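Okay, thanks for coming, everyone. Let me put the structure up and we can walk through some charged pairs and then a bit of empty space.

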Amino acid sequence: MKQAIAGFDLNNIIDIPPFSLAKQGKDAFYVDVLNELTKHHYANCVQYQKILDVLGFDPTIKHNIEDIPPIPVRLFKDYDLLSVDKSQIIKMMTSSGTSGQSVSKIFLDRITSTNQTKILIKIVSSFTGAKRLPMLIIDTKSVIKDRNLFSARGAGILGFSMLGYDVTYALDEDMQLDFDTVEAFCRKHKDKNILIFGFTFMIWEYFYKKLAEVGKNLPLENGIMIHGGGWKKLSEEAVDNKTFKSSLEGVCGIKRVYNYYGMVEQTGSIFMECEAGYLHSSIFSDVRVLRTDFSACGIHETGLVQLSSLLPFSYPGHIILSEDTGEIMGEDDCSCGRLGKYFKIHGRIMDAEIRGCSDTYESI
């Protein structure tokens, strides 16, 4: 299935390793695609058109990426933003929110949904290897009960599960760690590489804490853990990334633990943490950090995070302004060897709602 953007098909770049292009090579196509996406969304989304008109932005002229206005993520809470006919929508995703909070609504057509899954697998498998692995999900199966209406958490689970086989859920419907199931899974796949996926707070609260409480150790030294979501509740417990990793190694011997950063508004084009501890943009995504006047921050300067992605076609989410602060650490010169920008996320802006797939599980 092809994305109907003039002169561009994701299949033309999908076989390029996702972290293999330096700035010049990426810029050669990236700016063109974002301009074409801007034209597409302007022509097909009334609200997006109004925003650009108010800003006096002319999408018929080719612009530098930094000149294309981003959409604040909060707009997805207040409006149903679509750039295709509603009859083409096959599923809706919602952001995770605590009780009483409004949620973002993201409408997916078949093209966008297919591309999100395809690119997610491409990015993550560059870390885990091309082979599918036995997979343990630190969550409950009930979170994916409605496949046409997903929370960000459910969408994440379903997307990442494409990377594994013998997909096993570690928690029962009461959010209790199912020791019998997990231990049987470990015995069945003894001495194999195992893929473990979950959301950061949930792994800590329902997996690590339970194992520590009962004094159990699981033989997962061959495991590769991918986790993401909000760190808010963990930071309140003084748990940082280093503590998270060392604690998990203590209860199950796991050494390969990769955090990722992503948003429901740009599902698929996630930013993976490398061995040096930095998040990386791929050839399918990019990041800018902005000052309060929306000028670009320099390297090692903290500001507001803006994210771009080549994937959003059915809704105008190709360039979004997040509610997170961060800093770019460099570009094309990370010690891990991956090319592209690499950066850190520091946290939420003041007064922003707490949001993160793993900070809550009320909306399953």
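So, start with lysine 341: in this predicted model lysine 341 makes a salt bridge with aspartate 286, and the closest N and O atoms are 3.6 Å apart. Where do the two partners sit? Lysine 341 belongs to strand E15, residues 341-348, while aspartate 286 is in strand E12, residues 285-290, so this pair ties together parts that are 55 residues apart in sequence. Are they buried or exposed? Lysine 341 counts as buried because its relative accessibility is 14%, under the 20% cut-off. Aspartate 286 is buried too, at 11%.

While we're on charges, there's a network to look for: Arg74, Glu323, Asp324 and Arg348 are joined into one by salt bridges that share partners. Over the whole structure, the search turns up 17 salt bridges.

Now two pairs that sit within helices. In the first, glutamate 205 and lysine 209 meet through their side chains, with 3.1 Å from N to O. They're four residues apart in helix H7, residues 200-214, so about one helical turn separates them. Both are partly exposed: glutamate 205 has a relative accessible area of 26%, and lysine 209 comes in at 30%.

The other pair is lysine 39 with glutamate 36, and here the closest N and O atoms are 3.7 Å apart. This one is in helix H1, residues 23-44, where the partners are three residues apart, again about one helical turn. Lysine 39 is partly exposed at 35% relative accessibility, and glutamate 36 is partly exposed at 24%.

Okay, on to the empty space. How many cavities of 30 Å³ or more does the structure hold? Two. The largest has a volume of about 50 Å³, and our opening pair turns up again here, since Asp286 and Lys341 are among its lining residues, along with others including Leu21, Ser281 and Glu331. Helix H1 gives the largest share of that lining, three residues. By class, you get two nonpolar, two polar and seven charged residues.

The second largest cavity is about 30 Å³ in volume. Its lining includes Pro18, Phe19, Ile283 and Leu339. By class, that's five nonpolar, four polar and one charged. If you compare the lists, Leu21, Lys26, Ser281 and Gly340 line both cavities.

That's my tour, happy to rotate the view if anyone wants another look.

Notes:
Residues numbered from 1 in each chain as written. Predicted model: local features only at pLDDT ≥ 70, side-chain atom pairs only at ≥ 80, totals over all residues. Heavy atoms only, no water. Salt bridge = Lys/Arg side-chain N within 4 Å of Asp/Glu carboxyl O. Buried < 20%, exposed > 50% of the residue type's maximum accessible area, 1.4 Å probe, protein only. 1 Å grid on protein atoms, 1.4 Å probe; cavity = no way out; pocket = protein on both sides within 12 Å on 5 of 7 lines; lining within 4 Å. Points joined across faces, edges and corners; volume = space filled by probe spheres on them. Nonpolar A, V, L, I, M, F, W, Y, C, P; charged D, E, K, R; others polar.
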